[in-house]
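Hi everyone, thanks for coming. Please have the sequence and the 3D view open while I talk, and turn the model around as we go.

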Amino acid sequence: MSTEPSLDLPPAQQARSRLTQQRILEAGTALLEEGGTEALTVAAVAARAGVSVGSVYRRFGDKDRLIAALQHDMIDQFRADIIRRFAPQCTEPAVLVASAVAGLAETYQAHERLMRVFLAAGATDPAVARVGSEAAIDAGHVFRRYLEPILPVIDAPEPDLRLDVVYRLIYGTCQNRVLYGELFESDRPLTWRQLTDELVNVARLYLLGTPAR
């Protein structure tokens, strides 16, 4: 669904429309983070954004379409965040692996409150699940492209498969942490930072045969 203002609008009106749209998205995001999809209604978003109910309907339609727009907005921010964190700093394989693993895990941590809402919603809403799957696959492509320079040094018959497995490991671990918290599968406390560091160790051993320094 396109949420861009009409190109026929005068510049000042375009600017106001974009500002209103952004306020609506920010209000919807806040409501989702605070109370999940049950807390999000068109009326609540309008009140939070300081706009009319009609303004929300004109730009986003009903609640389902608004949730879809909010999910796409979160995904856009998530992808931009990953790309920013994956900016190459060094070509040394061990450093690239650490940057990729930490960058992905830190992005999940940064977006965990809203991510939790959409992961939970996807369990019962096929449309939300489909969009989430597409975003996860796209993130995997970004992750593997970033690590392509290390493929020649991975001692395995299918080095690209190993990159895919590492991504799946991080993806599954982070999503489990986002959904259920720190102590769901183990009673041993492990902060996001500690978890990320251990994932880096696992990835380095699996891909390069070398532990963290």
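Let's begin with a pocket. Helix α7 gives the most to the lining of the largest pocket, with 8 residues. Please keep in mind that what you see is a predicted model.

So how many residues line the largest pocket? There are 21 of them, and M115, G132, A135, A136 and Q175 lie nearest its centre. The volume of this pocket is about 280 Å³. Helix α7 covers residues 126–146. At least two lining residues also come from each of α4, α6 and α8, where α6 is 112–122 and α8 is 159–180. If you sort the lining by class, you get 14 nonpolar, 5 polar and 2 charged residues.

Let's stay with one of those central residues for a moment, A136. You will find A136 in helix α7. Is A136 buried or exposed? The relative accessible area of A136 is 13%, and the cut-off for buried is under 20%, so A136 is buried. Leaving out residues up to four places away in sequence, A136 touches Y167 and Y171. Try a distance here, too: A136 and S186 are 50 residues apart along the chain, and their C-alpha atoms are separated by 25 Å.

Now the second largest pocket. The volume here is about 230 Å³. Its lining has 14 residues, and D64, I67, D125, A127 and V128 are the ones nearest the centre. Two elements, α4 and α7, give two or more residues to this lining. Which helix provides the largest share of the lining of the second largest pocket? That is α4, with 6 residues. By class, the lining of the second largest pocket divides into 6 nonpolar, 4 polar and 4 charged residues.

Let's zoom out to the whole chain. The chain has 9 helices and 0 strands, so please don't go looking for arrows in the cartoon! Along its principal axes, the C-alpha trace spans about 60 × 45 × 30 Å. Of the 213 residues in the chain, 41% are buried. Here is a number about how the chain folds back on itself: among contacts with a separation of 6 or more, 65% are between residues 24 or more positions apart.

I150 gives us an example to look at. This residue sits in the loop between α7 and α8. The relative accessibility of I150 is 0%, so I150 counts as buried. Which residues does I150 touch, not counting those up to four places away in sequence? They are P93, L96, V97, L163, L207 and L208. Take L96 from that list: I150 and L96 are 54 residues apart along the chain, with their C-alpha atoms separated by 8.0 Å.

A second example is A120, in helix α6. A120 has a relative accessible area of 43%. Partly exposed lies between the 20% and 50% cut-offs, so A120 is partly exposed. A120 and L179 are 59 residues apart in sequence, yet 7.4 Å apart in space, C-alpha to C-alpha.

My last topic is the aromatic rings. We describe a pair of aromatic rings by the distance of the centres and the angle of the planes. How many aromatic pairs does the structure hold? The count is 7. Let's work through one of them, F78 with Y108. The ring centres of F78 and Y108 are 5.1 Å apart and the planes are at 70°. Planes over 60 degrees apart count as edge-to-face, so the pair F78 and Y108 is edge-to-face. This pair links distant parts of the chain, with F78 in helix α4 (residues 63–85) and Y108 in helix α5 (residues 93–110), 30 residues apart. Both partners count as buried, F78 at 9% relative accessibility and Y108 at 3%.

F78 and Y108 also belong to a wider group. Together with F86, F143, Y146, Y167 and Y171, they form one aromatic cluster. You have met Y167 and Y171 already, as the residues that A136 touches.

One more ring before we stop, and this time the partner is a charge. The charged end of R177 sits over the ring of W192, 5.6 Å from its centre. Try to find that pair in the viewer yourselves. Thanks for listening!

Methods. Residues are numbered from 1 along each chain as its sequence is written. This is a predicted model: local features need pLDDT of at least 70, side-chain atom pairs count only at pLDDT 80 or more; totals for chains, interfaces and linings use all residues. Side-chain values use heavy atoms; hydrogens and water are left out. Rings of Phe, Tyr and Trp (its six-membered ring) pair if their centres lie within 6.5 Å; planes under 30 degrees apart count as stacked, over 60 as edge-to-face and the rest as tilted. Helices (H or I, at least four residues) and strands (E, at least two) are DSSP runs, numbered from the N terminus. Buried means under 20% relative accessible area, exposed over 50%, partly exposed in between (1.4 Å probe, protein chains only). A charge sits over a ring if NZ of Lys or CZ of Arg is within 6 Å of the ring centre and within 35 degrees of the ring normal. On a 1 Å grid over the protein atoms alone, a cavity is a set of points where a 1.4 Å probe fits but cannot get out, and a pocket is an open set with protein on both sides within 12 Å along at least five of seven lines; lining residues have an atom within 4 Å of a point. Grid points are joined across faces, edges and corners, and a volume is the space filled by probe spheres set on the points. Ala, Val, Leu, Ile, Met, Phe, Trp, Tyr, Cys and Pro count as nonpolar, Asp, Glu, Lys and Arg as charged, and the others, Gly among them, as polar. Contact means heavy atoms within 4.5 Å.
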